[in-house]
Amino acid sequence: MPHNPSTSGSSTSGPVAARRRMMQIILTAMLAVGASAVASLAFGRVDTLAVLTVAGALLTLSLVVALRGPVTAAVALLLGTLTAMVGLLAWRGAGFYDPALLALPGLLVFAVLLGQRRVFSGLLAVMLLLTSGLLMAQTLGWRQFPIPLRPGSLVHVWGILLGTGFAIWLLAGDLYRAMRALQEENRRVHESRSELEHLASHDRLTGLPNRLLARDRFEHALAQARRNRSRCAALYLDLDQFKTVNESLGHGAGDQLLQQVGRRLQGLVRATDTVCRLGGDEFLLILPDIGDADAAARVASTVVEALGQPFDVEGLEIVTAASVGVALGPDDGSEFDAVLKNVDIAMYRAKALGGRSFRFFDPAMNDGVLAHTQMLAGLQHALARGEFELHWQPQVHLASGRVVGAEALLRWHHPTLGLVPPAKFIPVAERSGLITEIGAWVLHQACRQAAAWRRDGVADLVVSVNLSSVQLKRGQVERTVQQALAASGLPPARLELELTESMIIDDTHQVSETLHQLVGMGLRLAIDDFGTGYSNLGYLKRFQVNRLKIDQSFIRRLTQDHHDRAIVGAIVQMAHSLGLVAIAEGVEDAATLQCLRGLGCVEGQGYFWARPLPAAEFVGWLRSRSVPQAAAAPLPA
Ligand code: C2E
Ligand code: MG
Ligand code: MG
């Protein structure tokens, strides 16, 4: 059966075109009916005029349906209206000798071209019934036509209708088949065009974008960076010793290695980044919106690290490495070619250094980043190699001189850099996430030490441990604390956690939940570096803080600066009225101590008493003091 492909919805423009065409046909039919109506009016044929008017109204309705409703309904209404109109005109006129019957073959053509199987067959059947009905009406005496209808003429009429219908059916079938073949051809052309486009913009071996697409993506990233006033990065990498793999294992193995490198690189980057193969063993990574040089350095160092891991090619373990050049756009070039040239220079510098490393194009960036990556690499192994140590600094009750607590301060003995201060390595550990592991070690070590001092009767101190915001946000710190307390046997009230104001002000649901749990466990909280942060102090009560550690910056010039004295006095007063203990940090001399006593400060910590000391020296210092300590006699656990 002919099936009209344009109304089948096989292409998106099909239904729209069919609707428009349908409306044109209805308008043409309305025009023809209108002309006939004018002619009927002119010749005074009132009855014909009535039929034509009703037909006109129904055609208008089918126009509305064609505009808003389903096209098939409009087709049925159009064909039904016209067939009924022809039938009525023939009934009122000359039966099947009436000229109106000339319209019937035309309607069949419409039905085939616009409609479907059922519409066409139904219409043909209606036409056959209609014409035979006219003859029957005359035979039964219901209607007398001006020229009597002869049964033989009905055979002619049927012959014309059936013959025309069949011929139209066959021809329309051919037409539709040709249209479908054309559509299929069109689809295939479309497909092969997009395949060609893919081939032109992608590397055949790895399936990664090639230089052509890399240019496009990088220009795009550059434009985005300019718009957002940010940076994008290009990482250009070349495999060290790839030639050797190709020569010794053959090109097949070399190809496999390149494919694996491509996949490994794709696994390292964000979905918005692009990994391209520029040819040979050269790859380009495009990182849009990278932020700062540090972020680019982190990706570069991950790439160097990942490509340094062995590959499995045809069952053989192949070890290769990559040299990476890094350039930042728009700083290192305002268009693709310039950046590519610079990143290539940077890559050769990395290779010249012996490979398995990365270099920035801008030499100024290398020093800072190099120190950073060297520190990061060192930190990753520091725990396992036992390079960390805790030093202890006493906290003293100012009125009695008794040592009431000790702050645990982390020290890193780097094998080549020597003693690295926490201010240098803690930020690196925080950014890399290593702080969680290191912080857990500090907690365990501090609890173990404090419990040992209690057990051995050295002193019963509250030990203070500094927490990092990273630990608080995603370190599951309450679990670590619980484990450290359980493993050491230290009572929770003997452990104090030092937080900074910014950590608490950043009061997410998760942070406050964690703090409440810690307080619930019986731990103490202190606010470190108090006075340097925020002025909203509501959190002091909300989290049941025990101590305020007045920042060193106010203590340093306490005896000379009356502003600092006023600030410290105010903090001491506030702490007192809130039932908190104020402890001054960075007390270095007797004059400062005297001044603090005068202001009513309760406790102090600083070089005046002792610098942070290794555990053994701290015990020696404690024992050397003439003032009796918190508990020098053995205590119950
Ligand atoms: P903080 O918690 O405010 O520690 C006090 C710092 O002041 C320590 O520096 C201490 O050595 C120093 N200090 C103490 N008394 C005096 C003094 O009289 N004069 C002067 N000039 N300085 C004094 P340190 O040990 O270098 O630690 C620096 C910062 O590193 C600490 O500041 C703390 O924020 C952080 N930190 C140390 N250990 C850890 C740790 O285990 N975890 C975390 N997350 N941070 C730590
Ligand atoms: Mg502290
Ligand atoms: Mg402090």
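**How the labels of this model are justified**

User: Why is Trp609 counted as buried?

Analyst: In this predicted model, Trp609 has a relative accessibility of 12%, and since buried means under 20%, the residue counts as buried.

User: What makes the pair of Phe608 and Trp609 edge-to-face?

Analyst: The ring centres of Phe608 and Trp609 lie 5.2 Å apart, which is within the 6.5 Å asked of a pair, and their planes stand at 85°, where over 60 degrees counts as edge-to-face. The partner of Trp609 in this pair, Phe608, is partly exposed at 32% relative accessibility, a value that lies between the limits of 20% and 50%.

User: How do you know that Phe96 and Tyr97 form an edge-to-face pair?

Analyst: Their rings are 5.3 Å apart from centre to centre, with 90° between the planes, and the distance limit of 6.5 Å and the angle limit of over 60 degrees are therefore both met. Phe96 is buried, at 5% relative accessible area, whereas Tyr97, at 28%, counts as partly exposed. The structure holds 12 aromatic pairs, and one aromatic cluster is formed by Phe388, Trp412, Phe425 and Trp441.

User: Why is Arg264 said to lie over the face of Phe311?

Analyst: Arg264 is placed at 3.7 Å from the ring centre of Phe311, and the label asks for a distance within 6 Å and a position within 35 degrees of the ring normal, so Arg264 is described as lying over the face of that ring. Arg611 has the corresponding description with Tyr607, at 3.9 Å from the ring centre.

User: What makes Glu407, Asn466, Glu498 and Asp528 donors of the magnesium ion (ligand 2)?

Analyst: These four residues coordinate the magnesium ion (ligand 2) at 2.0 to 2.2 Å, and as donors need to lie within 2.8 Å of such a metal, they qualify. In sequence they follow the spacing E-x58-N-x31-E-x29-D. Asp528 also bridges to the magnesium ion (ligand 3), and the two ions lie 4.1 Å apart. Among the donors, Asn466 belongs to strand S11 (residues 462-466) and Glu498 to strand S12 (residues 495-500), with their positions 32 residues apart in the numbering.

User: Is Glu498 buried or exposed?

Analyst: Glu498 has 1% relative accessibility and counts as buried, while Asn466, with a relative accessible area of 28%, is partly exposed.

User: Why do strands S2 and S7 count as the edges of the sheet?

Analyst: The open sheet has five strands in the order S2-S3-S1-S6-S7, with mixed pairing. S2 (274-279) and S7 (357-360) each have a single partner strand, so one side of each is left without a neighbour in the sheet. From one strand to the next, the twist averages 20°.

User: How do you know that S2 and S3 pair?

Analyst: Five bridges join S2 to strand S3 (residues 282-287), where at least two are needed for a pair, and the two strands run antiparallel. Val275 stands opposite Leu285 in S3.

User: What makes both faces of strand S14 (residues 547-550) covered?

Analyst: On one side of S14 lie Arg547 and Lys549, on the other Leu548 and Ile550, and all of these are buried. S14 pairs in the parallel sense with strand S13 (residues 524-530) over three bridges, and with strand S15 (residues 581-585) in the parallel sense over four. Leu548 is the bridge partner of Ile527, and the bridge partner of Leu548 in S15 is Ala582.

Key. Residues are numbered from 1 along each chain as its sequence is written. Chains are lettered from A and ligands numbered from 1 in the order in which they are written. This is a predicted model: local features need pLDDT of at least 70, side-chain atom pairs count only at pLDDT 80 or more; totals for chains, interfaces and linings use all residues. Side-chain values use heavy atoms; hydrogens and water are left out. Axes are lines fitted to C-alpha atoms, for helices over the stretch in contact, and angles run from 0 to 180 degrees between N-to-C directions. Donors are N, O and S atoms within 2.8 Å of the metal (3.2 Å for Na, K and Ca); water is not among the atoms, so sites may look incomplete. Buried means under 20% relative accessible area, exposed over 50%, partly exposed in between (1.4 Å probe, protein chains only). Rings of Phe, Tyr and Trp (its six-membered ring) pair if their centres lie within 6.5 Å; planes under 30 degrees apart count as stacked, over 60 as edge-to-face and the rest as tilted.
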